[in-house]
Amino acid sequence: MTVRTPSSRIPSAPQAPARAAASARFRRAAVPLVLCAGLTVGLTACGADPDEGTNGVGRLSAPEIEREARTAADTAKAVRLSGTLVSKGGTFKLNMRLKQNGGAGSVTTKNSTFELLRVGDALYLKADAGFWTHEEKGDDEPSEADTEAADKLDDMYVKVPRDDPSYKQLRGFTDMDQLLRGLIGLHGDVVKGDRDQIGGVRTVKVKGGADGEGGTLDVALEGSPYPLQFARGGGAGLVVLSEWDKDFPLTEPGREETLDYGRQLPRT
């Protein structure tokens, strides 16, 4: 009878030719693994599903994705809208928090910055004295009376009368539905674009036209399919939409910080 020692059950180390062959096989197998690992960042490599763990809208057609984004925006109760817009009247920056019964935030133009607050139909404008005296606009030197009047308005909430011609225009900056309709609309044939990330959230792009000449909308692939960014066609501005459905307080300013001029804003 042959007695097997423990060492007889341990396989011998391969000879040099065998080791070389094993090493070659390992290298051949490792190459595609390395390539796969490098490409998984793009979420499309080596058969990986780019929609795994998402809300699934990335699997839809471009028109369906746009429709899902619009539906999500229409049913939301609040949003923060910030970015730069270019229009015939110039370039301005928005930083507004909006909900169905009002909004609050700031508007910056080339010449001035002012704050807006709307609670229901009550609309207030707040700005420094320079805004009211038009100093930044390069107008003629304001008179002493103008300066004194502007000093009274400095950093006060001035109620905008509903009969004033500027009421409708200023209210538009605080109207959630109006702003969303005007800012996230795509033009032309809608096509699906690349995957991206906005604020750490995975998105899929839908474009108006093959090159986005009708605008490009980033739609969230996580949670509700909210629109997270809209690039207007022709370089006409970029708007970021965040804090969807996050409520915030809206209260009218106190009497001590409010001025009401009746049927028309003051003209300094």
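## Exercises on a predicted model

Strands S2 (residues 90-99) and S3 (residues 102-108) pair in the antiparallel sense over 7 bridges. The model is predicted, and the exercises below walk through its sheet, its rings and its charged pairs.

**Exercise 1. Trace the strands from S2 to S4 and find how they are joined.**

Step 1. Start at the link between S2 and S3: a hairpin joins them through 2 residues. Across this pair, Leu98 stands opposite Gly103 in S3.

Step 2. Move on to strand S4 (residues 113-119), which runs antiparallel to S3 and is joined to S3 by 7 bridges. Here Gly102 has Val119 in S4 as its bridge partner.

Step 3. Look at the connection: S3 and S4 also form a hairpin, with 4 residues between them.

**Exercise 2. Place these strands in the whole sheet and identify its edges.**

Step 1. Write down the order. The open sheet has 12 strands, arranged S7-S8-S9-S10-S11-S1-S2-S3-S4-S5-S6-S12, with mixed pairing.

Step 2. Read off the ends. Strand S7 (190-198) and S12 each have a single partner strand, so one side of each is left without a neighbour in the sheet.

Step 3. Add the twist: on average, neighbouring strands of this sheet are turned by 20° against each other, direction ignored.

Step 4. Check one pair along the way. S5 (residues 122-127) and S6 (residues 156-159) are antiparallel over 4 bridges, and Tyr124 has Lys159 in S6 as its bridge partner.

Step 5. Now lay on the helices. Helix H2 (residues 62-75) lies across S7, S8, S9 and S10, at about 60° to S7. Helix H6 (residues 176-183) lies across S1, S2, S10 and S11, at about 50° to S1.

**Exercise 3. Classify two of the aromatic pairs from their ring geometry.**

Step 1. Recall what to compute: a pair of aromatic rings is described by the distance of the centres and the angle of the planes. The structure holds 5 aromatic pairs.

Step 2. Take Phe131 and Trp132: their ring centres are 5.2 Å apart and their planes stand at 90°, so the pair is edge-to-face. Both Phe131 and Trp132 are buried.

Step 3. Take Tyr226 and Trp244: with centres 4.8 Å apart and planes at 5°, the pair is stacked because planes under 30 degrees apart count as such.

Step 4. Locate the second pair. Tyr226 lies in the loop between S9 and S10, and Trp244 in the loop between S11 and S12, so the pair ties together parts that are 18 residues apart in sequence. Tyr226 and Trp244 are both buried.

Step 5. Look for a cluster: ring pairs link Phe114, Phe131 and Trp132.

**Exercise 4. Work out which parts of the chain the salt bridges of Arg195, Glu66 and Asp155 link.**

Step 1. The structure holds 12 salt bridges. In one of them, Arg195 meets Asp51, with the closest N and O atoms 3.1 Å apart. The pair links distant parts of the chain, 144 residues apart: Arg195 is in strand S7 and Asp51 in the loop between H1 and H2. Arg195 is partly exposed at 29% relative accessibility, whereas Asp51 is buried at 6%.

Step 2. Glu66 and Arg70 form a salt bridge at 3.8 Å between the closest N and O atoms. Because they are 4 residues apart in helix H2, about one helical turn separates them.

Step 3. Asp155 and Lys126 meet in a salt bridge, also at 3.8 Å, N to O. Asp155 is in the loop between H4 and S6, while Lys126 is in strand S5, 29 residues apart.

Note on methods: Residues are numbered from 1 along each chain as its sequence is written. This is a predicted model: local features need pLDDT of at least 70, side-chain atom pairs count only at pLDDT 80 or more; totals for chains, interfaces and linings use all residues. Side-chain values use heavy atoms; hydrogens and water are left out. Two strands pair if DSSP finds at least two bridges between them. Rings of Phe, Tyr and Trp (its six-membered ring) pair if their centres lie within 6.5 Å; planes under 30 degrees apart count as stacked, over 60 as edge-to-face and the rest as tilted. Buried means under 20% relative accessible area, exposed over 50%, partly exposed in between (1.4 Å probe, protein chains only). Axes are lines fitted to C-alpha atoms, for helices over the stretch in contact, and angles run from 0 to 180 degrees between N-to-C directions. Contact means heavy atoms within 4.5 Å. A salt bridge is a side-chain nitrogen of Lys or Arg within 4 Å of a carboxyl oxygen of Asp or Glu.
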